[in-house]
Amino acid sequence: MKSRRLDTLALVAGALLLWQALHWMVGANVISAPIATIARAIELLQTRSFWDHAVSTATAFGVASVIAILAGIVLGLWLGLRRFAGDVADPILGTLYSIPKITLYPLILLIFGLGISAKIAFGVIHGIFPIAIFTMNAVRNVAPVYRRTAQIMQLSPVTTGMTIMVPAALPEILAGIRVGTALTLLGTLIGELFASTAGLGFALIRAMDVHAVTDILAITTLLFAFAASVNTLLHVAERWVRHHG
Amino acid sequence: MTKVGVARLAFVVIVFSALELLCRLGIITRVTMIPPSEMVTSLWDIVESGRFNSDISFTFFNVVAAAVVAIGIGFLLGAGLHSLPRLRRPLEPLLSAYYAIPTFVFYPLLIVAFGVGRTALVVMGSMFGVVAMIVNTTLGLDHVPPAVERTGSVLKLDVLRQLILLRLPAAAPHLVTGVKLAVAYSIIGIVAGEFILATAGIGKRVSFAYDNFDNRTMYGLLLLLLVAVMLVNGALSAWERRLHRRFGQR
């Protein structure tokens, strides 16, 4: 455990050195120095406007995640339990997952206009498909004996889903949620970049407009730290469920 | 055609017919979306008139260049990372959080570094694609069976030969997954860059049409982009499935 922490420290130190070297190579006009950036990030954390933007992003991201997770799991459960429907939907879901959703931004903008609903919609279309695909495959891989038990006990589809399939498939569903929430955050931020007047994505686009390099890097660093923490938490939950569930 | 295939086709046809109907009835207004049939005719006009050919080839060659760079560098970094487990462990959560951040916020910085043009776009695309290749290369090398590695040492192959003759083929299914994702992400990076600022390219033409309320051209171009991505993705997925079957699902 101790050596692991040391490795992490070494990685962080190495990354900072690399960053500093890049800064010297290309200049402050392209990449701000790591220390200046971190100082700026800490400064931002103490301003009111940063937190207003952060709350706006967090609200959209939260709502989008809840919708993507619930709808993705329900869709995945249904498709996983119905073999035929699952076979029909499988490549369609795969295609929807792989198309570059960013190309749909004009469509989303035209439907939802500027504002929080466009951001949420953008987050949902990014997150829902991986969650549905992971859930569907997880349910399909559940041992057939569970499914037969449910049949013998004449459980309704909803009870089967809630009491048997979800617990049995939980580790993989959590993996889907991990991938899905990361993409939901990406979608929400893209929505803010192109279609919004508030949020950290909007703060980024404004920093981009006036070429505030330190601000761009500081906000991105904070967002990355947030995304990595969420990811790590879900990873820990996934491992815990795998061993204790 | 199998029963599943028929049902799938029917589903797609129903969805598009419903969209067509909603558009024709005016429930979805023309300002929001044009009927799918008009998107197809608009796409046909674009292809036939050739008026966007230079933009299409601009984007196409940028994507090819970005994907090649992403795959090459991603493979080398992934192979390197695989041999350094102590570096890999703390790096893994960062790699899987990478796609939560819109990397194209760095695009303006790339423009300052390289100017508006191909280089900035290609760097943008490969920055977005490279991490998928790194992750899948390490995964692929994880899945090389110990028996294959032992065969290499029994045959006394040198390191390079072991890599090319044994490990690469054994890791191939995951490598192809990496290639598929690297291509997909390179496309996203480049199109996003073209949306933001570019002198040419499909993304540039889409945002230009959007700004000028030229929905017909915009949807034609979007359809072109989506069809192209689906074809590339479908071909790579078929290759991926074949490799997975040949090497067994591991």
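Start by selecting A:Gln154, which comes after helix α7 of chain A and has a positive phi, near 50°. Keep in mind as you click around that this is a predicted model.

**Stop 1: helix α7 of chain A**

Now step back to the helix itself and select residues 144-152 of chain A. Is this helix tucked away or in the open? Of its nine residues, the number buried is zero, so α7 of chain A lies largely in the open.

**Stop 2: helix α2 of chain A**

Next, select residues 34-45 of chain A, which make up helix α2. If you like using the distance tool, try it on the C-alpha atoms at the two ends: they are 16 Å apart. That agrees with what you'd expect, because twelve residues at 1.5 Å a residue should span 16 Å, given that the expected span uses one less than the number of residues.

Stay on this helix and show the side chains of A:Thr37, A:Arg40 and A:Leu44, which are buried. They sit on the same side of α2(A), because the arc they cover around the axis is only 60°. What do the buried residues of α2(A) pack against? Bring up α3 (48-81) and α10 of chain A, and you have the partners.

Then spin the view around to the face turned away from that buried side. Here you'll find the exposed residues A:Ile35, A:Ile42, A:Glu43 and A:Leu45.

**Stop 3: over to chain B**

Hide chain A for a moment and colour chain B by secondary structure. You'll see ten helices and zero strands, so to speak an α-only read along the sequence: α-α-α-α-α-α-α-α-α-α. Zoom out, and the C-alpha atoms of chain B fill a box of roughly 70 × 55 × 35 Å along the principal axes.

Chain B has 250 residues, and 41% of them count as buried. Look also at what touches what: among contacts in chain B with a separation of 6 or more, 78% come from residues 24 or more positions apart.

**Stop 4: where the chains meet**

Bring chain A back and select the contact between the two chains. It takes 42 residues from chain A and 39 residues from chain B. On the side of chain A that touches chain B, the helices that each supply at least two residues are α1 (2-26), α4 (83-98), α5 (105-112), α8 (157-194), α9 (200-209) and α10 (213-244). Which of them gives the most? Highlight α10(A), with ten residues.

Finally, colour that side of chain A by residue type: 29 are nonpolar, ten polar and three charged.

Methods: Residues numbered from 1 in each chain as written. Chains lettered and ligands numbered in written order. Predicted model: local features only at pLDDT ≥ 70, side-chain atom pairs only at ≥ 80, totals over all residues. Helix = DSSP H or I, 4+ residues; strand = E, 2+ residues; numbered from the N terminus. Buried ≥ 20, exposed ≤ 12 C-beta atoms within 10 Å, placed from the backbone. Contact = placed C-beta atoms within 7 Å. Nonpolar A, V, L, I, M, F, W, Y, C, P; charged D, E, K, R; others polar. Arc of directions from axis to C-beta.
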